[in-house]
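Let's take a walk through a protein model together. Keep the 3D view open and turn it as you read.

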Amino acid sequence: MTSHPLDPLSSDEFATVAEILGRDHGVGDGWRYASIEMIEPAKSEIAAFDADGTVPARRAVSVVLNRSENTTFKAVVSLDDRTTESWTHIPDVQPNFTVDEWEEADAALRAHPDVIAALADRGITDLDLVFMDTWTYGEAVTPEKYKGRRLGWSDTWVKAAAGANPYAGPVGGFHCVIDVNSMELLEIEDTYRVERPEIMGEYVPRHIPERIRNASTRPPLKPLEITQSDGPSFELDGNKLTWQNWSLRVGFNYREGMTLHAVSYNDNGTVRSVANRMSFAEMVVPYRDHTEDHYRRTAFDIGEWGLGFMTTSLELGCDCLGEIRYLDAVLHNSKGEPYTITDAICIHEEDNAVLWKHVDHDAGAEVRRMRRLTVSFHATVANYEYLVYWRFYQDGNIECEVRATGIMVVTHFDEGGTHPSGTLVDNRTYAPYHQHFLVARLDLDIDGTENTVYASETQRVPMGPDNPYGLALTQVNTPLTTESEGKQDYDWNTQKAWKVVNDNVTNGLGTRPAYKLVPGAAIPSMFDPASPIFQRAQVIGHTVWVTPNSPDERWPSGEFVNQSGIDHGLPEWTEKDRSIENTDVVVWYTFGIHHITRPEDWPVMPADTVSFWLKPFGFFDRNPSLDVEASAPKSCHTDPGSTCH
């Protein structure tokens with residue numbers, strides 16, 4: 001293993017940050033560490049390290065919360081000198097919630113005598129079966145009397161038995177408002193009651209009723225074993241990953257989860273840069289149901305909670321399949337104490353059918369199997385799982401795929417009741433419509449840092465003397481020169497895409513090398529712009545935003561999203577209307593799942609899959625996978641003596 005300036009913080013480094021801030025500023029009992037994160041070196045510093053070994057300063061940034069005073073501070077710490085470089089009070093903000101707070105709120109509410117009494121009045125007396133799921137508040141829906149507090153509001157769920165699915169037992173109309181600094185119960189909202197219907201909301205085999213288990217007609221599958229007797233084709237040196245001309249570094253932090261850095265391609269001996277950094281910067285999940293149980297339900301799963309904190313360990317044979325290598329991830333709890341998520345990141349190869357093929361009348365068939373390298377991590381955000389896969393292909397393509405699975409939020413309703421903003425999924429039980437918006441932050445460096453983004457659209461040529469049959473199409477590529485032009489929306493009619501182009505160099509054909517963002521799952525926000533919910537998440541109002549790269553501009557809905565009232569990220573940055581032409585740019589891509597809920601999504605949701613692609617466009621002079629070797633004959637399982645090309 002080798003160390004590198006982009007390697008994530010170690011356990012010792014997390015502990016060092018807590019030690020320094022405890023020594024210098026008394027951060028300890030009564031405080032929470034909302035986050036500790038490495039400050040990534042600048043591109044110039046990484047270039048100097050790669051060139052001559054000059055090691056940049058090792059620094060960390062931490063956001064801490066003084067619970068008793070409800071005050072937030074941001075500290076920059078030198079890990080080399082073991083000193084505090086800066087200590088700044090950030091007024092009128094709330095940092096992200098922590099897993100510790102979520103767990104402590106559940107325990108505090110279930111132990112509170114007023115909650116116990118109120119639930120008993122509803123006939124719920126076994127508190128071991130109760131789960132209080134605390135969500136964050138948005139400024140627009142925060143009661144005026146609680147302004148200025150660190151607030152949470154709880155859903156209440158009751159399991160049918162120990163180990164059963166809590167999300168199958170919603171307690172409609174029962175919510176608690178809690179101050180998560182003091183864990184003080186501020187209010188019990190007991191607004192309506194519904195008689196609990198008989199439903200089947202279980203997915204763990206031992207809890208599924210026998211009549212349903214016995215009704216299955218599905219025969220067992222024969223084993224499908226993926227073996228690589230000689231080991232995988234990739235190499236992993238610390239966090240550096242190389243495979244089939246690709247090279248990249250894998251990072252990790254509390255907010256984005258897995259990050260990818262220094263992505264390059266070895267083009268016949270020339271190492272060419274493709275991306276400096278790729279990650280997810282925000283996830284917005286608004287529930288599109290205005291009713292009492294759901295109007296507050298807009299989650300910023302990255303900004304309010306953190307995908308890193310929600311990352312789970314992966315298990316061989318279930319989450320990943322094949323000859324796997326894992327990377328652990330190190331994070332911290334709200335005391336600043338480090339802990340390790342074992343096997344947090346999975347790296348493996350996958351067969352993916354045919355890469356290219358042609359059958360010539362005389363020469364016969366030439367076919368190459370497609371192999372891809374997959375780097376993935378999984379995050380469990382309360383009831384939902386998000387499975388993130390970055391895939392690298394032998395032909396220079398990069399695919400980003402996200403799968404959503406887990407358990408939908410459901411609500412019971414009275415006999416004869418209506419549910420206009422949701423789907424009936426069980427007896428008198430509906431699942432509200434909602435959307436999952438993901439924002440990818442793509443810092444691409446196509447053959448260098450100075451790039452220009454072009455909107456690429458196909459246009460129909462009008463019929464006339466030069467186009468008598470109406471066949472002709474043309475491609476129009478429009479450079480985006482300012483941030484106002486960089487606010488772009490998908491257009492199905494023109495098959496709009498975006499190319500990140502290096503206009504300073506040429507390929508062997510005399511054209512400019514580029515990578516093309518091929519959009520997938522680009523969904524509209526479907527919000528009135530005046531909506532207070534939309535005001536917090538204006539990033540979802542456009543498919544693409546383009547900004548000049550700035551180390552201070554990382555979070556598209558603002559750094560402090562929790563209890564925010566307005567989007568302090570992209571909308572404010574782009575008011576400057578800065579130049580984005582032939583400079584170091586970042587492309588922000590918004591995509592996701594427009595979830596019109598289905599009965600087939602209940603009681604556990606089959607993975608819903610969305611993706612987008614980054615495809616080389618003139619980056620290579622020809623198909624870069626011509627040199628992929630043919631499969632060995634023994635791999636084809638054909639008749640003895642046959643050949644496989």
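**A walk from the N-terminal end**

Keep in mind that this is a predicted model. Start with residues 4-80, where the chain is 32% helix and 31% strand, and the end C-alpha atoms sit 15 Å apart. UniProt, in an unreviewed entry, labels residues 4-80 "domain: Copper amine oxidase N2-terminal".

Next stop: residues 95-193. The unreviewed UniProt entry gives this span the label "domain: Copper amine oxidase N3-terminal". It is 22% helix and 28% strand, with its end C-alpha atoms 34 Å apart.

Look for an open sheet of 4 strands, ordered β5-β6-β7-β8, with antiparallel pairing. At the edges you'll find β5 (130-136) and β8 (184-190), each of which pairs on one side only. Going from one strand to the next, the twist averages 30 degrees. In the middle of that order, strand β6 (residues 151-158) and strand β7 (residues 174-179) run antiparallel and are joined by 4 bridges. If you want to spot one pairing yourself, find G152: its bridge partner in β7 is I178.

Now for the helices that go with this sheet. Helix α3 (residues 99-111) packs on the sheet and touches β5, β6, β7 and β8, with its direction making about 130 degrees with that of β5. Helix α4 (residues 113-121) also lies across β5, β6, β7 and β8, and runs at about 15 degrees to β8.

Move on to residues 225-626, which the unreviewed UniProt entry annotates as "domain: Copper amine oxidase catalytic". Here the span is 3% helix and 47% strand, and the end C-alpha atoms lie 29 Å apart.

With that strand content in mind, look for an open sheet of 10 strands. Its order is β15-β16-β17-β18-β19-β30-β27-β26-β24-β25, again with antiparallel pairing. Why is one side of β15 (325-332) and of β25 (473-479) left without a neighbour in the sheet? Both stand at the edges with a single partner strand each, so there is nothing in the sheet on the other side. The twist in this sheet averages 25 degrees from one strand to the next.

Zoom in on β18 and β19, which run antiparallel and are joined by 9 bridges. Y389, for instance, stands opposite E401 in β19. The loop between β18 (384-393) and β19 (398-406) holds Q394. Is Q394 buried or exposed? Its relative accessible area is 7%, and because buried means under 20%, Q394 counts as buried. Beyond its neighbours within four places in sequence, Q394 is in contact with several residues, including W243, Y265, L355, R371 and V628. With R371 there is a polar link too: a polar atom of the Q394 side chain lies 2.9 Å from the backbone nitrogen of R371.

One last thing to look for is the nonpolar interior. In soluble globular proteins, nonpolar side chains tend to be buried together. The largest nonpolar core in this model has 109 residues, and M278, I345, W390, L442 and F612 touch the most other members. Strand β13 (residues 270-286) gives the most to this core, with 6 residues. Take M278 as an example: leaving out neighbours within four places in sequence, its contacts include L260, V263, W390, L442 and L614. Apart from this core lies another one of 18 residues, among them V439, I540, W555 and W588.

Note on methods. Residues are numbered from 1 along each chain as its sequence is written. This is a predicted model: local features need pLDDT of at least 70, side-chain atom pairs count only at pLDDT 80 or more; totals for chains, interfaces and linings use all residues. Side-chain values use heavy atoms; hydrogens and water are left out. UniProt positions are given in the numbering used here, feature names are shortened, and annotations may be inferred rather than shown by experiment. Helices (H or I, at least four residues) and strands (E, at least two) are DSSP runs, numbered from the N terminus. Buried means under 20% relative accessible area, exposed over 50%, partly exposed in between (1.4 Å probe, protein chains only). A polar contact is a pair of N or O atoms within 3.5 Å; within protein, one must be able to donate a hydrogen and the other to accept it, and residues adjacent in sequence count only if both atoms are side-chain atoms. Contact means heavy atoms within 4.5 Å. Two strands pair if DSSP finds at least two bridges between them. Axes are lines fitted to C-alpha atoms, for helices over the stretch in contact, and angles run from 0 to 180 degrees between N-to-C directions. A nonpolar core is a set of buried Ala, Val, Leu, Ile, Met, Phe, Trp, Tyr and Cys residues joined through side-chain atoms within 4.5 Å.
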